Amino acid sequence: MIRRRFQLKETIVTIIAEHECEIEAAISAIIHHRRELESYIMKDPFFAVTLEPYEPELDDAPLIVQKMVEASKKVGCGPMSAVAGTIAYLALSAMIEEGADHAIVDNGGDIALTTDRSVIVGIYAGNSPVRDLAFEVEPVEEVLGICTSSGTLGHSISFGMADAACVVSHDVALADAAATALGNAVTGERIEDAFSVIKDISEIDGGLIIHRDRIALWGELPRLVKAD
């Protein structure tokens, strides 16, 4: 098994696969799609800064822009809320085209994977006393997204207080945008109320919130297990 860390500007990914050609396919896809996104933002700078759903002219927009717009619109966030998950998905898609049966792209906690074996995906919630938890993901032929947002960790914009807001969906771009929306909604002690922002979106399987010493679960999630 090959595990490779790759960084391109703000994109810092861990790529896991069985063959070097699959790793290289992922890296090439990241370079290509980031270049397309940057070129698009040069023409439309508002796309990169708006925190509201945005519908630019999509006729000539690159695939990465189209997926970001579509996903973020469903949860009421700006398109950049889906950037990491979309990049992870496009990289994983390139690996699948190379024939990968087991491949993982972790883009700063926004994960796209396909796997022919069980995989443990850890949940990191910083200084929260809720720790050493992970999802045990069973073999899955289709793409699965597990994306996490936080109001206490990392550099991404969040208007909530969640130590970890995690969303699971087979649409990885949507999982990323929805994790942002879920994290934004954690503003009080009744953290379970935050699920109202995602529970009516049929493409979302489930969500998890960790806030201080509390954890809330909704929907269908991979089995939770203890992990270091």
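# A guided tour of the model

Start with the whole chain in cartoon view: the protein has five helices and eleven strands. Its radius of gyration is 17 Å, close to the 17 Å that the globule rule gives for 228 residues, so the protein is as compact as a globular protein of that length. Keep in mind as you look around that this is a predicted model.

**The whole protein**

Turn the model slowly. Along its principal axes, the C-alpha trace spans about 45 × 40 × 30 Å. Now switch on the surface, which has an accessible area of about 10,900 Å². Carbon and sulfur atoms account for 50% of that surface. Of the 228 residues, 52% are buried.

Next, colour the charged side chains. How many are positive and how many negative? There are 18 positive and 37 negative side chains, and the centres of these two sets are 6 Å apart.

If your viewer can draw contacts, try that too. Among contacts with a separation of 6 or more, 53% are between residues 24 or more positions apart.

**Stop 1: Lys 9**

Select Lys 9, in the loop that links β1 (2-8) and β2 (11-17). Is Lys 9 buried or exposed? Its relative accessible area is 51%, and exposed means over 50%, so Lys 9 counts as exposed.

Look at the backbone here as well. Most residues other than glycine have a negative phi. Lys 9 is not a glycine, yet its phi is positive, at about 55 degrees.

**Stop 2: Arg 212**

Now jump to Arg 212, in the loop between β9 and β10 (214-219). This residue, also not a glycine, has a positive phi of about 55 degrees. With a relative accessible area of 47%, Arg 212 is partly exposed, because that label covers the values between the buried limit of 20% and the exposed limit of 50%.

**Stop 3: Thr 86**

For a view of the inside, select Thr 86 in helix α4 (residues 83-97). Its relative accessibility is 0%, so Thr 86 counts as buried. Which residues does Thr 86 contact, leaving aside its neighbours within four places in sequence? Show Ile 64, Lys 67, Met 68 and Ala 173 as sticks, and you have them.

**Stop 4: Ser 150**

Move on to Ser 150, in the loop between β7 (140-149) and β8 (164-169). Although Ser 150 is in a loop, it is buried, with a relative accessible area of 12%.

Zoom in on the side chain of Ser 150 and look for backbone oxygens. The one belonging to Asp 163 is reached at 2.9 Å. The backbone oxygen of Ala 162 lies 3.4 Å from a polar atom of the Ser 150 side chain.

**Stop 5: Ser 202**

Finish with another serine. Ser 202 is in the loop between α5 (172-184) and β9 (204-211). Is Ser 202 buried or exposed? Its relative accessibility is 68%, so Ser 202 counts as exposed.

Display the side chains of Ser 202 and Glu 203, and you will find a polar contact of 3.4 Å joining them. As a last step, use the distance tool on the C-alpha atoms of Ser 202 and Gly 99. These two residues are 103 residues apart along the chain, and their C-alpha atoms are separated by 29 Å.

Conventions. Residues are numbered from 1 along each chain as its sequence is written. This is a predicted model: local features need pLDDT of at least 70, side-chain atom pairs count only at pLDDT 80 or more; totals for chains, interfaces and linings use all residues. Side-chain values use heavy atoms; hydrogens and water are left out. Helices (H or I, at least four residues) and strands (E, at least two) are DSSP runs, numbered from the N terminus. The radius of gyration is taken over C-alpha atoms; the globule rule is 2.2 Å times the number of residues to the power 0.38. Buried means under 20% relative accessible area, exposed over 50%, partly exposed in between (1.4 Å probe, protein chains only). Contact means heavy atoms within 4.5 Å. Accessible areas come from the Shrake-Rupley method with a 1.4 Å probe; for residues, only the protein chains shown count as cover. Lys and Arg count as positive and Asp and Glu as negative; His and the chain ends are not counted. The place of a charge is taken as NZ of Lys, CZ of Arg, CG of Asp or CD of Glu. A polar contact is a pair of N or O atoms within 3.5 Å; within protein, one must be able to donate a hydrogen and the other to accept it, and residues adjacent in sequence count only if both atoms are side-chain atoms.
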